[in-house]
Amino acid sequence: MGRFESLGRPGPPGIHFPIRKRKSRMNRITHAVLLLILPLLTVGCGTAPSTSTRGDTEPQTTQPPAIEPVPAVFNSGSRSDRFIEHVADNSQHLTRLTPGYIYERLHHREGSEAISDAFDRMLVADVPDAHRALIDALELDFIHDPATSSLDLLNYELRVHFSEFDWHDDDYPGGPEGPNEALADIMVDALDIVRPERRANRSRTAVIRRANVNDDIWTYMLDQWKPVPGEGKWKLNRFAAEAYVRMREAAAADGVTLKIKSGHRDPKQAQAGAARAGNRFAVASFSSHSLGLAVDFELPRADGDGTFNITTRPMSSVVAMRTSPVHKWLHLRGEAFGWYPFQHEPWHWEFNPDGFRGVFFAEFPGGAPELDPVFE
Ligand SMILES: [Zn+2]
């Protein structure tokens, strides 16, 4: 049993994150996220989990604790150990997996033939194709590993803190007030740093904002809807539908099934529903779903046992949704197809690639309407 022994799961090794000892190359994102979270870790929450699992697996002894041995990577000097460090430190242009995650997974690669083979090939020939193949193997393993979560795209301390935090059922921001909604917001902000949102209906990335919509624009947008091939119950903007189908095929090739739980929402029906619900702002009428640019995905559980209920309560379930292979796949590979997260809702993704506003309005008389400079 190694010093990085796992969290006691049976089967092939998955995540074995100790805190990494070396800090010289912690990336800037980690620093930024730590700045966000440190006050909470030290003042508010009081449930920061242990950062070591070593005590669970080593025999108890009455001897005084031995001085920790220097990790093998520092004293062995073996080529493969140095190469692991090289790969961990030089893969950020290829993946959102963190250097810390890559480092630990490669040190425990023996449980995955795909990772071991790709690593050996890159060790023989450190060329871009071999590097890409190794990252692909690491990402696929990550996506299908029930022990991983999209929170692992943060650093290890934050992942453990958010996933093991004793959330109150009502901590999802909005609705019945929970005591830790501020922490839920920070979790989302941290995720937004590593996997930014590009909201289609608000912020500076919007295709169109509520303040700028008129009847002509609504008519144009609805004319752009088309049924999603293979899931014809749902419609999307024609560009979103085309990209979605390509994305669904790519995910299927990776063993991940993308399935729409909810797609378009007719703005008139949504408006009427919002009115019936006494929502005088009729917020529902201007969801990205009403633009045909949003999908709520079914989120299968990582252990294969059914799907998550799409709900904002309890908060612990919303956090656990990030272990779904669908959510992890979208986080790592959705951007290549123009799909972006709404980090508060792990199930909700929006189509809004860079430059899409111009494409969306290409056939609208006069082109894309001016956006009100005031952001919502
Ligand atoms: Zn949604």
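Two residues count as touching here if their C-beta atoms, placed from the backbone, lie within 7 Å. Keep that in mind as you click around this predicted model.

**Stop 1: L134**

Select L134 and look for its partners from further along the chain. Leaving out residues up to four places away in sequence, L134 touches V87, A118, F119 and M122. Now widen the selection to the largest nonpolar core, which has 69 residues. L134 is among the members that touch the most others, along with L138, V207 and Y244. Next, color helix 7, residues 128-144: this helix gives the most to the core, with seven residues. The core also draws at least three residues from each of domain 1 (28-156) and domain 2 (199-360). As background, nonpolar side chains tend to be buried together in soluble globular proteins.

**Stop 2: the whole chain**

Zoom out. The chain has 15 helices and six strands, and buried residues make up 35% of its 376 residues. Take the contacts between residues at least 6 apart in sequence: 65% of them join residues at least 24 apart.

Now color by pLDDT. The chain mean is 81, and 74% of the residues reach 70 or more. Select residues 1-31, where the pLDDT is below 50; this stretch has 46 contacts in the model beyond near neighbours in sequence. Then select residues 38-62, also below 50, with 23 contacts counted that way.

**Stop 3: helix 9**

Go to residues 181-194, which form helix 9. Put a distance between its end C-alpha atoms and you should get 21 Å; at 1.5 Å a residue, its 14 residues should span 20 Å, so the two agree.

Which residues of helix 9 are buried? Highlight L183, A184, M187, A190 and L191. Turn the helix until you look down its axis: the buried residues fall within an arc of 120 degrees, so they line one face. The general rule behind such a pattern is that an α-helix has 3.6 residues a turn, so residues three or four places apart point the same way.

**Stop 4: S203**

Move on to S203, in the loop between helix 9 and helix 10 (215-223). Check its backbone: phi is near 70 degrees, a positive value in a residue other than glycine. Is S203 buried or exposed? S203 has 12 C-beta neighbours inside 10 Å, and therefore counts as exposed, the cut-off being 12 or fewer.

**Stop 5: G358 and V207**

Select G358, which is in helix 15 (residues 356-360). G358 is exposed, with 10 other C-beta atoms within 10 Å. Add V207, one of the core residues from the opening stop. G358 and V207 are 151 residues apart along the chain, yet their C-alpha atoms are separated by 8.3 Å.

**Stop 6: P314**

Find P314 in the loop between strand 4 (294-297) and helix 13 (315-320). Look at the peptide bond leading into it from R313: that bond is cis, with omega near 0 degrees.

**Stop 7: helix 14**

Finish at residues 325-333, helix 14. How many of its nine residues are buried? Nine of the nine are, so helix 14 is largely enclosed by the rest of the structure. The buried set includes charged-looking picks for your selection such as K328 and R333, as well as W329 and L330. To see what surrounds them, show helix 7, helix 11 (238-253), strand 4, strand 5 (339-342) and strand 6 (345-351): the buried residues of helix 14 pack against these elements.

Definitions and conventions. Residues are numbered from 1 along each chain as its sequence is written. This is a predicted model: local features need pLDDT of at least 70, side-chain atom pairs count only at pLDDT 80 or more; totals for chains, interfaces and linings use all residues. A nonpolar core is a set of buried Ala, Val, Leu, Ile, Met, Phe, Trp, Tyr and Cys residues joined through C-beta atoms within 7 Å. A residue is buried if 20 or more other C-beta atoms lie within 10 Å of its own, exposed if 12 or fewer, and partly exposed in between; C-beta atoms are placed from the backbone. Helices (H or I, at least four residues) and strands (E, at least two) are DSSP runs, numbered from the N terminus. Domain bounds come from an automatic or database domain assignment. pLDDT is the predictor's confidence in each residue, from 0 to 100. The expected span of a helix is 1.5 Å times one less than its number of residues. The arc is that of the directions from the helix axis to the C-beta atoms.
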